[in-house]
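Me: Hi! Could you walk me through this model?

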Amino acid sequence: MTTTTPEMPKARKRRRKTRTPHLNHCPPIIASTLKANELDLTPGKEHLVCPDCSTWVPITGMLGTPKLVPHHIGRAGAAEPHRCTAGSNRRVIIDVEVNAWRTELIEAVPTTASRRATKVLPKPKMNPAPAASQIKPVPLSAEQVRRAFRQHQQQCLACKGEATGRDGQPLPCHDGERLAITYLRLYRQEPKRQAVREFFARERQRFDRQYAAAAPAKQTAEWAAVLPKVKDADTRRSQMPVGDAPTEARSVPLETLHPAC
């Protein structure tokens with residue numbers, strides 16, 4: 001004998017959007033007052049950012065009375081969610097056309113990209129330039145001027161005799177003449193400068209020898225000057241003041257320290 005079981009009832013598929021006749025007493029939200037990135041008017045996917053909890057909330061009743069669906073504060077699935085009482089079932093006035101909203105959103109993309117911060121490159125650390133009064137000029141030597149003069153002669157057409165004027169005469173080179181005069185002046189002064197450098201080097205060596213020879217005697221004199229004060233301090237440290245010597249502790253009965261109550 002076979003038994004038949006009744007068919008299990010199936011749950012009816014629920015609607016994707018919440019349908020409720022209740023309306024919020026708060027003033028309606030006007031779509032034109034929202035920013036383009038806070039509103040989504042894509043047909044079938046209407047959303048906006050709730051002004052009270054800053055959460056993206058679907059808009060229901062687009063064919064009748066648009067309003068926000070009941071929603072929670074914060075992310076979905078959070079522990080102990082709190083309902084947004086001020087934004088749930090709040091009316092929405094759609095006074096913006098879809099095409100106008102898309103145009104404004106597209107125009108806002110370049111503006112947002114231009115405000116985006118660019119990559120910050122670290123500046124190389126450089127030492128501050130010295131002041132003009134701190135710059136020490138480097139004296140020129142005859143050899144340096146001679147090299148500059150030879151390099152100038154190799155590049156200057158006037159020094160080579162290849163540059164001529166309108167009358168066919170070779171043109172003089174004032175730069176080459178100035179370098180030649182400077183080289184001759186430094187070349188004549190070089191022996192005197194060398195003698196001065198050698199004199200200062202000898203004086204520096206003599207000063208170093210005198211300082212090294214006088215250092216032990218100076219150190220001995222400095223120690224001899226402070227030796228009486230050091231001995232006096234050692235003598236005072238070795239003496240014990242009267243009355244500061246430790247005394248033997250007397251035995252005190254326990255009854256005196258802890259009297260019976």
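Reply: Happy to; cysteines and strands come up below. This is a predicted model, where local features need pLDDT of at least 70, side-chain atom pairs count only at pLDDT 80 or more, and totals for chains, interfaces and linings use all residues. Residues are numbered from 1 along each chain as its sequence is written, and side-chain values use heavy atoms, with hydrogens and water left out.

Me: Thanks! How many disulfides does the structure hold?
Reply: It holds 0 disulfides, a disulfide being a pair of cysteine sulfur atoms within 2.5 Å. C50 is in none, and its nearest cysteine sulfur, that of C53, is 3.6 Å away.

Me: And why is there no bond from C84 to C53?
Reply: Because the sulfur of C84 lies 3.8 Å from that of C53, its closest cysteine sulfur, which is too far for a bond.

Me: Is C84 buried or exposed?
Reply: C84 is buried, at 4% relative accessibility. Buried means under 20% relative accessible area, exposed over 50%, and partly exposed in between (1.4 Å probe, protein chains only). C50 is buried too, at 1%.

Me: Switching topic: what order do the strands of the sheet have?
Reply: The open sheet of 4 strands runs β2-β3-β4-β5, with antiparallel pairing. Its edge strands are β2 (39-40) and β5 (67-68). Strands are DSSP runs (E, at least two residues), numbered from the N terminus, and two of them pair if DSSP finds at least two bridges between them.

Me: Which residues in β4 are bridge partners of V49 and L48?
Reply: V49 partners W56, and L48 partners V57. β3 and β4 form a hairpin with 6 residues between them, and S54 in the turn has a positive phi of about 55 degrees.
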